[in-house]
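Trainee: I'd like a close look at just one part of this model, please. Pick a spot and show me how it connects with everything else.

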Amino acid sequence: MGRQRKRKGDPVHGWLAVDKPVDVTSTQVVGILKRLYNAQKAGHGGTLDPLADGILPIAFGEATKTAQWAMDCDKEYVFTIEWGSSTASQDKEGEVIATSDVRPVREQIEAALPAFIGDIEQVPPKYSAIKIQGARAYDLARDGETFEIPSRQVTVYEAELVKVADADHATLRVVSGKGFYVRAMARDLATALGAEGHVSALRRTRVGALDEPASIKLSDLEALGEDKEALAAALKPIETILDDVPKIEIDRGDADALKLGREVVLLPHIVEQWRAEADLDSDDRLALAVTDKQAVALGEVRAGRFQPRKVFQL
């Protein structure tokens, strides 16, 4: 048998809420931080457009096993619509495809917003990573292909007008679930108001439990350079992104069994504590097993047992 190749880099684990600057891609940020931390493994928890700034969750090591939770959790955005022109990409970089002299006023915008709150149907922008018969929509759009993207249901929890700086600009704040596109909302809001408009500025201010106070600027991380202790101190535990998953305390013996992929029997009072926290109206049996305040495994509670689904080797 040949020797198993050792993964290059250090075994770094945890989450970073990076405040991404504009004009940098999410993939570039991952590359910069992977080198900075000399990490064996890193990835992001949901793309942020190059033209957008704000919270980009970065997962290192075992935290990458929870990246889907970052992609699925609620997000908050603050964005500005510039009235007067619509663009192919619905942002300021795209080619202008329509113009209008209509400038919606505060009262009109506020009256239109309730229709965008709740479970709504939204057609993603053509300049998006949605796959159409195996190809990315933005590639088809750039090639001039004619295609339609089916609408899908997204959830908007909050939508409010923050300010009207002048007749040409309106700034909004939105809290949404997964799969929501700010650029699509700007397009649809403009249509509802009989106007043309595009997103001229976009900032993501929260991804789940990762918000602005918990974030650190990419430039500040780069400035830490060789200060490994300071870099490590910026990391947040794996379970940070799992703040809405009920926790169950287990002992070290059970933790060892879980790390081998075995299910464990839970004491009745532990099951009761989980029941008190869990949403038993849904089919979700999810729980996070922890010992000594450290995440051990994500799994399901069934018939008094904890069945591991994702095990963290920390």
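A helix and its surroundings

Mentor: Leaving out anything up to four places away in sequence, I32 touches L218 and E222; a contact here means heavy atoms within 4.5 Å. Before we go on, this is a predicted model: local features need pLDDT of at least 70, side-chain atom pairs count only at pLDDT 80 or more, and totals for chains, interfaces and linings use all residues. Residues are numbered from 1 along each chain as its sequence is written, and side-chain values use heavy atoms, with hydrogens and water left out.

So where does I32 live? I32 lies in helix α1. Helices and strands here are DSSP runs numbered from the N terminus, with at least four residues of H or I for a helix and at least two of E for a strand. I32 is partly exposed, because its relative accessible area is 22%; buried means under 20%, exposed means over 50%, and partly exposed is in between, using a 1.4 Å probe and protein chains only. For a sense of distance, take V78: I32 and V78 are 46 residues apart in sequence, and their C-alpha atoms are 26 Å apart in space.

Now slide along to Y37, also in helix α1, which covers residues 26-37. Y37 is buried, because its relative accessible area is 5%. A search of the whole structure turns up two aromatic pairs. To pair, ring centres of Phe, Tyr or Trp (its six-membered ring) must lie within 6.5 Å; planes under 30 degrees apart count as stacked, over 60 as edge-to-face, and the rest as tilted. Y37 and F60 make one of these pairs, tilted, at 4.8 Å centre to centre with 40° between the planes. F60 sits in strand β3 (residues 53-60), so the pair with Y37 ties together parts that are 23 residues apart in sequence. F60 is buried too, because its relative accessible area is 0%.

The other pair joins Y77 and F180, and this one is tilted because the planes meet at 40°, with the ring centres 6.4 Å apart. Y77 is in strand β4 (residues 75-83), F180 is in the loop between β11 (169-176) and α5 (182-192), and 103 residues separate them. Both rings belong to buried residues: Y77 has a relative accessible area of 8%, and F180 has 7%.

Back to Y37, as there's another side to that story. Y37 is among the residues with the most contacts inside the largest nonpolar core, alongside L16, L33 and F79. That core has 46 residues. A nonpolar core is a set of buried Ala, Val, Leu, Ile, Met, Phe, Trp, Tyr and Cys residues joined through side-chain atoms within 4.5 Å. It helps to know that in soluble globular proteins, nonpolar side chains tend to be buried together. L16 shows how busy things get in there: not counting residues up to four places away in sequence, L16 touches L33, Y37, L56, P57, I58, F60, I216, L221, A234 and L235. There's also a second, separate core of 20 residues, which includes A59, V207, L288 and V290.

What comes after the helix? N38 lies in the loop between α1 and β2 (42-44). N38 has a positive phi of about 50° although it is not a glycine. That's worth a second glance, because most residues other than glycine have a negative phi. N38 is partly exposed, because its relative accessible area is 37%. Q90 has a positive phi as well, about 65°, and isn't a glycine either. Q90 sits in the loop between β5 (85-87) and β6 (96-99), and it counts as buried because its relative accessibility is 11%.

Finally, zoom out. The chain has nine helices and 19 strands, and 46% of its 314 residues count as buried. Its C-alpha atoms fill a box of roughly 70 × 50 × 40 Å along the principal axes. Of the contacts with a separation of 6 or more, 70% are between residues 24 or more positions apart. The Y37 and F60 rings, with their positions 23 residues apart in sequence, are a handy pair to click on while you picture α1 tied to β3.
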